[in-house]
Amino acid sequence: MNRLHPEGLSALPADITRPGYDRASLTTGIVHLGIGAFHRAHQAVYTEDALKRSVGPWGICGVSLRSPDTRDALAPQGGLYTVAVRDAEGAHLRVVGAITEVLVAPEDPEAVLERLTRPTVRVVTLTVTEKGYCHDPATGALNEDHPGIRHDLGNPQRPETAAGFLVEALDRRRKAGVAPFTVLSCDNLPSNGDTLAGILRRFATLRDPELGRWVADTVACPNSMVDRIVPATTEDDRAAVTRALGREDAWPVMTEPFSQWVIEDRFPAGRPAWELEGAELVADVHPYETMKLRLLNGSHSTLAYLGYLAGYQTVSDAIADPAYARLIRGLMDEEVTPTLTVPPGADLGRYKAALLERFANPALKHRTWQIAMDGSQKLPPRLLAPIRERLAIGAPIERMALSVAAWMRYVTGRDEQGQAIDVRDPLAERLAAVAASAGMDAATLAPALLSVREVFGDDLPQNETFRAAVTAALARLLTDGARRTVEALSGAKP
């Protein structure tokens, strides 16, 4: 079967939305680091819509910092791919053309640096996941002992990390008299722009104090909040999209109807008119970010670990269990909501109800195993930050403590049937070694994992209330299993 390709756009079925602008006229104005499914279903779609309204210099050069898979899929398609928006009623397909090329950084780091130093590039966006920032999740500071950071400090011309590429490109622009680009993090980090700014400033200072001062004084890093559920694409998904198109798309992306993007409007070099396509440009992102991190992402992580342990493969499977639905609603209402400052005009009740509906979307098939990845990076902003606030005022943390305990049970690497769990985490080997040494006894396992400072910091392991709550929850999980534990906590009868 023929591949999706620019020359075949006119032959697509009439109900497939396609680029409504001249792709040949696009100039690369955005470089995106971390060209994965989420970017292609979220920021690239906002840019696509902006280009349809007014075709400006905002073509996207995507960069993979690791694998060539996305490049290999999209290059034969001229950068085109399909976004399938799914709900219980079916799917709407659109072909997106905003991505002009995809580079693979390990193959040719100089090509990536050349794109980043082009004067036409005015925005660099990132979705490199929490671990891609090479930082300490407990503090937000650059991890100066990270192997990639050490490599990039010693080899600035051949960087490996996002920080290494950005600072080297900024230094080249500085020396050439080219204005810096704006760096926009689109990852689930607390104060993601502020965190990224601190990482870049520290990395640049370690290279050259003068460069560090220049980065601090001239490089804008707006905070942002992104929200859209994007499951991993399956072979069945590829087959369904291929049937609908009448030609093969090697890597379509699946997503939900809901999409949100809140951005601080600090772009000295300019940006696409994203606000005309539904993005919210605001003075302060933090209330939106905190609401999303704690309600959506915190609930997602809770469902991921407790759901996986109970044998639920997808989020929709887990939330369909009434006990799990009650647990999540209780987590949102009783433990998370009191920690939030509600953004102006936000309807918190409607937002929480919408989240439960989104979790229940049976068409998405969002795997609990996928969400469970990189938990050592995700727990601090999603669960540990609100736990700290609750502890400070003596408020209960029973449900959030269970979430943490479920993560501990998960990273032991064996499920409730004794089968191996494929734990994907930057600290996976260390966590497995800690768990193996401690054994499957909550009294020894909980304090052993709490000693992992990069996750829990120095304060939480010393907090008697937190330690006792997590240990008790872990003991219940080890004795009764995830489902019975959830049923008991949510008030259901076993």
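Let's start with helix α15, residues 375-392 of this predicted model. How far apart should its ends be? At 1.5 Å a residue, the 18 residues of α15 should span 26 Å, and the end C-alpha atoms are 24 Å apart, which agrees. The helix is not straight, though: α15 bends by about 40 degrees at leucine 384. A proline, proline 386, follows that bend within four residues. Is α15 enclosed by the rest of the structure or open? Of its 18 residues, 14 are buried, so the helix is largely enclosed by the rest of the structure. After α15 comes glycine 394, with a positive phi near 70 degrees.

You can set α15 beside helix α6, residues 162-176. Helix α6 has 15 residues and reaches 21 Å from its first C-alpha to its last, close to the 21 Å expected at 1.5 Å a residue. Here is a small table of the two helices.

| Helix | Residues | Expected span | End-to-end C-alpha distance |
|---|---|---|---|
| α15 | 375-392 | 26 Å | 24 Å |
| α6 | 162-176 | 21 Å | 21 Å |

Eleven of the 15 residues of α6 are buried, so α6 too is largely enclosed by the rest of the structure. Among these buried residues are Phe165, Leu166 and Val167, and also the charged-letter names you may recognise, Glu168, Asp171 and Arg173. Just after α6, glycine 177 takes a positive phi of about 75 degrees.

**The nonpolar cores**

In soluble globular proteins, nonpolar side chains tend to be buried together. In this model, the largest nonpolar core has 72 residues. Which of them touch the most other members? They are Phe359, Met408, Phe456 and Phe466. Helix α16, residues 398-410, gives the most to this core, with nine residues. Try finding phenylalanine 456 in the structure: leaving aside its neighbours within four places in sequence, phenylalanine 456 is in contact with residues including Leu384, Trp407, Met408 and Phe466. Leu384 is familiar, since it is where α15 bends. A second, separate core of 40 residues includes Val124, Tyr133, Val183 and Trp214.

**A covered strand**

Now look at strand β2, residues 59-64, where six of six residues are buried. In a regular strand the side chains alternate between the two faces of the sheet. From β2, Gly59, Cys61 and Val63 point one way, while Ile60, Gly62 and Ser64 point the other way, and all are buried. Strand β1, residues 28-33, runs parallel to β2 and is joined to it by five bridges. One example is valine 31, whose bridge partner in β2 is cysteine 61. Strand β5, residues 99-104, also pairs with β2 in the parallel sense, over five bridges. Here serine 64 has valine 104 of β5 as its bridge partner.

**Two open sheets**

Strands of a sheet pair through backbone hydrogen bonds, either parallel or antiparallel. In one open sheet, three strands lie in the order β4-β3-β9, with mixed pairing. Its edge strands, each pairing on one side only, are β4 (90-96) and β9 (253-255). Neighbouring strands of this sheet are turned by 25 degrees against each other on average, direction ignored. Strand β3, residues 81-87, pairs with β4 in the antiparallel sense over seven bridges. Aspartate 87 stands opposite glycine 90 in β4. Helix α2, residues 43-53, packs on this sheet and touches β3 and β4, and its direction makes about 65 degrees with that of β4. Helix α9, residues 235-245, packs on the sheet as well, touching β3, β4 and β9, at about 105 degrees to the direction of β3. How many residues make up the hairpin link from β3 to β4? The hairpin joins them through two residues.

The other open sheet has three strands in the order β8-β10-β11, and its pairing is mixed. At its edges are β8 (224-227) and β11 (280-282), each pairing on one side only. The twist averages 15 degrees from one strand to the next. Strand β10, residues 260-264, pairs with β11 in the parallel sense over three bridges, and valine 262 stands opposite glutamate 280 in β11. Helix α10, residues 286-309, lies across β8, β10 and β11, running at about 35 degrees to β8.

Key: Residues are numbered from 1 along each chain as its sequence is written. This is a predicted model: local features need pLDDT of at least 70, side-chain atom pairs count only at pLDDT 80 or more; totals for chains, interfaces and linings use all residues. Side-chain values use heavy atoms; hydrogens and water are left out. Two strands pair if DSSP finds at least two bridges between them. Axes are lines fitted to C-alpha atoms, for helices over the stretch in contact, and angles run from 0 to 180 degrees between N-to-C directions. Contact means heavy atoms within 4.5 Å. The expected span of a helix is 1.5 Å times one less than its number of residues. The bend at a residue is the angle between axes fitted to the seven residues ending there and the seven starting there. Buried means under 20% relative accessible area, exposed over 50%, partly exposed in between (1.4 Å probe, protein chains only). A nonpolar core is a set of buried Ala, Val, Leu, Ile, Met, Phe, Trp, Tyr and Cys residues joined through side-chain atoms within 4.5 Å.
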